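Q: Could you take a close look at how the side chains pack and pair up in this one? I'd like the aromatic contacts to begin with, then the charged ones, then the cores.

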Amino acid sequence: MKREIIIAAFLVPLAFFSGRAMRTASGAQIEPSTASQRAAKSGDRPAPQKKQRPDSSVPHRWGNLRRQATMKPEALIEELLVSGSYGYDTNWLTEHLLATHPDQLFREFKSSGQDSSSLVRCWCLADPTRAIPLVLGKTEPFSTKLDPENYRPPVVFDALGWTDPALGMKTILELPEKQRHPVFFTSFLSGIAATTPSQTAAYFQQIESSGPLPAHHFGEILGTLAAVDPQHALAWEKSHPELRSGAAIEGMIDGLCKSDMEAAMGIYSELPDKRYARNAASSISRMLATKQEGLSSALDWLEANAAKSQLAEHKGNAISVWAFRHPDKVAGQILADPELLSDPRASELVLAAGRKEELIAQIDKLPPEAGSKLKELLGSNGMLPDATDNPITPDEILVQMRKSPENAQAEWEGLPEEERGNLISKLANQFNTSRDPALTLKLVSSSPSHMKGSGVQTSLGRLASMDPSAAAAFAEGIEDRSAREAALKAVHSRWMLDDEDAADAWLAETQKAR
Amino acid sequence: MNRWRSHLILTACGTGAFLLGKADWNSGESGDSDSQKASAATESANRFPTDPGSAVTWLEQASREDCEALIAKQGLAGLSPLLREALLLRLSELDPQRLADLIFAMPGNGRGMASWQSWIGWLAKKHPEILEQHVASLSVVQQEAIDAAVRLLRYEFRGDPVAVFEENLKKGKGAQAAGALTQIAKTDPDLAISLLSKLMAEGLLIPTLDASFYRKLANINPAAMEALLPLARTPELKTQIAMALARVLARDDPSLALPLFDSLPPSNARSQVAIEIATAWTKRDPEAALAWVQEHLPNGAAKRKALAITLAPIAESDPGKVIPLLAGIREGETSRMMSDQNATIPQQVLETAVAALMKESPADAVAMLYSGAPPSTNGSGFQPLLTKSVGTWFASDPEGAIHWLAGLDQKERSGMMSYSVFTEQVTNIPPELAAKGAGLLGQIEDPQSAGQMATILATTMGKSDLAAAIKTAGEIPEAMRSSWIWQAIQSHARVDPLAAAAQIDHLPESSRASAHTAVASELAKVSPTQAFAYLDGLEPANRTAQGFDDAVSQASRANWNETYAWWNKLPEDDLVARSGALSSIAGKLYAADPTTAGNLREQIGAIADGETRARALTNLIQGMARLDPQAARKLAAEPGMELPKWAPAMIKRDLESAIPE
């Protein structure tokens with residue numbers, strides 16, 4: 001018994017503390033909870049505690065929300081206009097201002113020449129019953145002109161599809177025909193299919209009987225039905241044998257891929273001319289390629305079924321889709337099928353993978369030709385660890401020239417003639433807005449034969465938009481006559497935008513001097 | 001005491017102590033039970049501050065129970081988007097599962113919230129298991145939307161942006177470092193400015209980033225951003241920084257941006273700064289803005305853009321001032337200016353002004369447009385707005401417009417009248433006005449332009465009043481008369497083919513067959529049988545293969561069954577009808593019954609006219625190629641009939657394009 005008492009003397013406090021510990025472990029919320037209770041009691045909430053570095057993926061920061069909470073609507077609108085309405089960190093601000101100050105927000109957007117599409121779309125999704133009558137009505141500043149040519153206008157009916165399909169259908173059908181953009185139906189049905197798929201077929205029928213729709217939009221509607229209710233869509237297709245090709249059937253195939261791949265493939269195989277079924281082939285192959293083990297089946301299917309003239313394009317897309325979905329499978333797939341490396345879009349495999357060590361390790365495991373191809377792809381994408389293995393790129397030369405001109409000059413001159421020629425050719429023929437045009441032109445001009453490259457004229461135009469005199473002097477100094485004429489034209493045409501008189505006077509003077 | 005007994009004692013003591021430990025925690029720290037805690041939270045939620053600033057602070061420190069009490073009281077939908085986001089942010093710290101449950105319980109599984117994509121992306125990154133659990137029960141359409149959101153955010157940014165920036169700076173990779181900067185700017189713009197200066201000082205290549213990135217930085221610290229301008233080595237970067245600065249500086253007082261304008265050399269960056277200044281200034285004082293633009297900007301597209309911004313408010317009220325200043329706009333010039341962020345489109349301002357003046361004085365509007373940018377006579381100088389305006393003028397005052405057109409150079413006039421923007425306007429005027437115009441045709445001296453004008457006017461009149469058009473024919477110069485009547489009849493045939501046919505006798509005999517063809521074609525669009533009966537009723541001279549070719553072509557599109565039945569009943573010896581029909585539907589006849597291939601080939605070989613024969617054979621081969629490429633190739637290689645020289649090459653081309661892959 002004594003022994004038990006001694007054991008108990010140890011165990012009881014242990015159990016006591018484990019009771020506490022367990023409570024603590026199960027509730028990271030202890031501190032805030034008790035803090036809030038204390039504060040609730042005292043009526044005075046403590047200052048926020050210093051927190052760890054915030055999670056960079058969380059959509060908000062407390063500091064920003066605190067600051068924005070005290071700002072006046074004008075300042076919030078200004079902040080939205082300044083930051084743009086597309087940033088993920090400000091999307092909610094659009095919705096907030098639409099809820100609190102829609103009139104002011106629309107007015108400011110319109111008066112500052114900003115496209116208000118993002119407001120309209122956001123509002124239709126967040127508060128459809130308020131937004132839709134206003135944006136489709138004549139009341140300013142909400143009235144939104146719908147361009148019939150715009151395939152994706154900002155007024156959308158998804159939200160009425162989610163919340164009140166009957167009202168959504170009624171609203172669309174009551175619109176004057178001229179105002180009834182086909183996308184109202186597509187977004188509406190997509191909303192229904194998202195939340196109450198079982199109702200999709202009934203609303204599809206109502207839409208279909210409301211009158212003809214442009215083929216692409218109808219295809220999309222049929223695709224939505226096919227995605228959630230393939231049986232119904234297939235029955236519909238059977239009763240419309242005239243639709244053996246075109247956008248409607250392609251839309252249907254796109255939807256079926258998501259619900260009944262076998263049926264999608266069956267319909268595709270019956271299409272009369274595969275050249276006119278580009279979208280359908282793309283839908284099927286992309287959907288196959290999204291699966292982890294799906295690349296081979298996508299490529300095999302394309303080989304057997306796609307129009308020959310579109311095969312390369314579809315295969316490239318399938319490779320890209322698969323690689324970016326399953327980057328960690330790329331290395332293994334390359335080993336299993338080295339032929340992939342010969343595809344014109346093989347670069348995307350290594351870009352998507354980004355797992356350099358694993359990929360580099362495959363170089364020696366592959367047959368020699370495929371190994372060197374992989375090495376080349378890794379090198380040209382700057383993914384080999386040892387910089388000496390990577391050929392120097394035109395951009396790297398420009399950076400070095402800017403950073404340390406003397407060293408770079410020495411290094412440049414030390415490069416083999418052929419490599420220098422390659423680099424100059426790239427600089428002379430490519431267009432890249434991040435390159436310093438003056439430095440680019442300086443390097444290219446060391447090889448007069450490259451002065452006719454299309455990139456030379458682009459660089460000259462860019463230089464003329466920043467420093468027209470420098471561009472003019474450079475163009476005048478080109479020895480080759482036809483290259484010089486093209487250069488003078490490039491400088492003149494860009495300079496004209498900022499100063500017509502100076503550009504004309506310079507050109508006249510230059511031509512007179514010659 | 002046996003072993004079991006001692007175990008029981010220990011277990012009892014341990015359990016008691018464990019429970020005591022819990023009880024001590026509850027009473028020692030808070031002194032409340034769970035229900036008391038909940039009621040404290042409810043009490044706390046009842047005191048949820050009404051002003052947004054305090055409400056955000058309240059939420060920042062809220063407990064799980066506080067959050068629940070608030071949700072029970074107001075619901076997520078009852079909160080403003082600001083407070084909803086604060087609540088979600090707090091739940092992301094306390095209970096991600098609850099956050100996901102709340103979002104997915106909202107309409108459209110939360111897709112109505114503007115922040116939906118961001119929260120879905122966060123769940124995918126931090127709590128994929130919670131997201132998967134919700135996604136599994138959703139419709140495929142919704143799953144797809146979630147998948148798209150997750151993929152978009154996954155590729156937007158991976159990893160810690162500051163670490164990514166530093167790593168890429170070290171490696172000299174400007175594009176990747178700049179990508180990290182845009183991420184940093186979202187939450188710490190000051191840090192982003194200092195890192196941007198580092199990136200620029202290192203000479204790294206910076207890609208074109210979203211304009212809002214630079215505006216955000218300029219908004220936080222304009223002086224620091226201005227100090228970066230000299231470091232920019234590309235026009236794109238210089239322009240983006242300068243524009244962002246100008247917008248921020250000019251926002252409160254446009255004159256604050258003038259020193260920036262003055263400090264820049266003539267360049268796109270300076271032009272864009274001027275456009276920003278003009279935009280801000282116009283909102284306060286358009287006249288002062290206009291005066292500043294006119295005085296300080298050299299002529300060019302940039303100046304016209306700035307002028308358009310200052311003139312937009314008076315485009316309708318004072319078009320006479322606007323048109324001369326903007327008439328020189330060159331097509332597409334605005335789109336060539338880099339980093340164009342301002343939505344005012346000079347061409348639209350000009351169009352608004354022209355439309356306003358056209359109502360008052362079309363002659364002035366046209367004269368202003370012409371003197372601002374006369375159409376060049378080498379064919380490259382089509383001025384759509386001028387041409388359209390002359391057409392509009394014609395519709396209200398044909399006399400004035402014809403008089404003005406008569407004064408132009410022949411090439412200018414002829415070019416203008418050949419564009420659809422002109423003809424569309426004129427063909428929609430009332431017949432009385434067209435008749436008035438016809439009476440003035442003599443004013444146009446050169447026969448080509450006069451003929452063009454006569455064609456347009458005859459089409460206009462013929463469409464609505466054929467009798468008047470035929471009467472008017474007597475009043476126009478004789479040389480144009482027969483062509484005028486033919487145009488009028490053809491135009492009327494589109495509206496009422498048989499009424500048009502009744503007037504064909506007004507034409508000289510040589511033109512009648514083609515007029516009958518036009519009538520039959522129009523009839524065939526509605527009733528193939530009626531069209532064929534019409535052709536059959538004509539005198540032999542007017543019953544031509546061409547007539548059947550055109551009519552059958554229309555008929556086969558309108559009603560194939562009717563057309564096919566007609567063909568099957570066609571007498572063997574009606575070679576006129578047969579040859580016309582074969583040249584437009586031989587391929588379809590083959591498709592309807594491939595066993596007739598040999599017979600069709602024989603009939604085609606018997607067509608007397610070589611051109612018609614070649615067209616019919618091509619048509620047959622095309623139809624055959626879709627169903628039996630081998631047979632089509634064989635027929636093309638050995639047609640077994642004489643063909644014009646040009647035919648084999650055309651047959652080969654059409655054959656290859658018709659064969660499906």
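A: Let's begin with two aromatic residues on the inside: A:Phe204 is buried, and A:Trp236 is buried as well. Keep in mind that this is a predicted model. Counting over all chains, there are 21 aromatic pairs. Take A:Phe157 and A:Phe184 as one of them: the ring centres sit 4.9 Å apart and the planes make an angle of 45°, so this pair counts as tilted. A:Phe157 belongs to the loop between α8 (128-136) and α9 (158-163) of chain A, while A:Phe184 is in helix α11 (residues 182-195) of chain A, so the pair ties together parts 27 residues apart in sequence. Neither ring is out in the open, since A:Phe157 and A:Phe184 are both buried.

Back to A:Phe204 and A:Trp236: here the centres are 6.0 Å apart with the planes at 85°, so that pair is edge-to-face. It also links distant parts of the chain, with A:Phe204 in helix α12 (residues 200-209) of chain A and A:Trp236 in helix α14 (residues 230-238) of chain A, 32 residues apart. Elsewhere in chain A, one aromatic cluster is made up of A:Phe106, A:Trp123 and A:Phe142.

Some rings have a charge over them instead. A:Lys274 sits over the face of A:Tyr268, 5.4 Å from the ring centre. In chain B, B:Arg111 does the like with B:Trp116, at 6.0 Å from the ring centre.

Now the charged pairs. Side chains of opposite charge can pair when their charged atoms come close. Over all chains, the structure has 39 salt bridges. One of them joins A:Glu140 and A:Lys110, at 3.6 Å from N to O. That pair also links distant parts of the chain: A:Glu140 is in the loop between α8 and α9 of chain A, and A:Lys110 is in helix α6 (residues 102-111) of chain A, 30 residues apart. On accessibility, A:Glu140 is partly exposed at 47% relative accessible area, and A:Lys110 is partly exposed at 33%.

A local case comes from A:Lys170 and A:Glu174, whose side chains meet in a salt bridge at 3.5 Å, N to O. They are four residues apart in helix α10 (residues 165-174) of chain A, so about one helical turn separates them. A:Lys170 is partly exposed at 48% relative accessible area, whereas A:Glu174, at 57%, counts as exposed.

Over in chain B, B:Glu166 and B:Lys198 form a salt bridge, with their closest N and O atoms 3.6 Å apart. B:Glu166 is in helix α10 (residues 161-171) of chain B and B:Lys198 in helix α12 (residues 189-201) of chain B, so this bridge ties together parts 32 residues apart in sequence. B:Glu166 is partly exposed at 31% relative accessible area, and B:Lys198 is partly exposed at 37%. Chain B also has a network: salt bridges with shared partners join B:Arg64, B:Glu68, B:Asp95 and B:Arg98.

For a polar side chain on the inside, try A:Gln68, which is located in helix α3 (residues 62-69) of chain A. A:Gln68 counts as buried, with 6% relative accessibility. Setting aside neighbours within four places in sequence, A:Gln68 is in contact with A:Leu76, A:Glu79, A:Trp92 and A:Leu93.

On to the cores. In soluble globular proteins, nonpolar side chains tend to be buried together. The largest nonpolar core here has 195 residues, and B:Tyr214, B:Met225, B:Met453 and B:Trp484 have the most contacts inside it. Helix α15 (residues 235-252) of chain B gives this core its largest share, nine residues. Leaving out neighbours within four places in sequence, the contacts of B:Trp484 include B:Ala438, B:Leu441, B:Ala454, B:Leu457 and B:Met461. Another core, of 142 residues, lies apart from that one, and among its members are A:Trp236, A:Ile267, B:Leu89 and B:Trp119.

Last, a helix with a buried side. In helix α37 (residues 597-605) of chain B, the buried residues are B:Ala597, B:Leu600 and B:Ile604. They span an arc of only 65° around the axis, which puts them on the same side of α37(B). The cover over these buried residues includes α35 (560-569), α36 (575-592) and α38 (610-627) of chain B.

How values were computed
Residues are numbered from 1 along each chain as its sequence is written. Chains are lettered from A and ligands numbered from 1 in the order in which they are written. This is a predicted model: local features need pLDDT of at least 70, side-chain atom pairs count only at pLDDT 80 or more; totals for chains, interfaces and linings use all residues. Side-chain values use heavy atoms; hydrogens and water are left out. Buried means under 20% relative accessible area, exposed over 50%, partly exposed in between (1.4 Å probe, protein chains only). Helices (H or I, at least four residues) and strands (E, at least two) are DSSP runs, numbered from the N terminus. The arc is that of the directions from the helix axis to the C-beta atoms. Contact means heavy atoms within 4.5 Å. Rings of Phe, Tyr and Trp (its six-membered ring) pair if their centres lie within 6.5 Å; planes under 30 degrees apart count as stacked, over 60 as edge-to-face and the rest as tilted. A charge sits over a ring if NZ of Lys or CZ of Arg is within 6 Å of the ring centre and within 35 degrees of the ring normal. A salt bridge is a side-chain nitrogen of Lys or Arg within 4 Å of a carboxyl oxygen of Asp or Glu. A nonpolar core is a set of buried Ala, Val, Leu, Ile, Met, Phe, Trp, Tyr and Cys residues joined through side-chain atoms within 4.5 Å.
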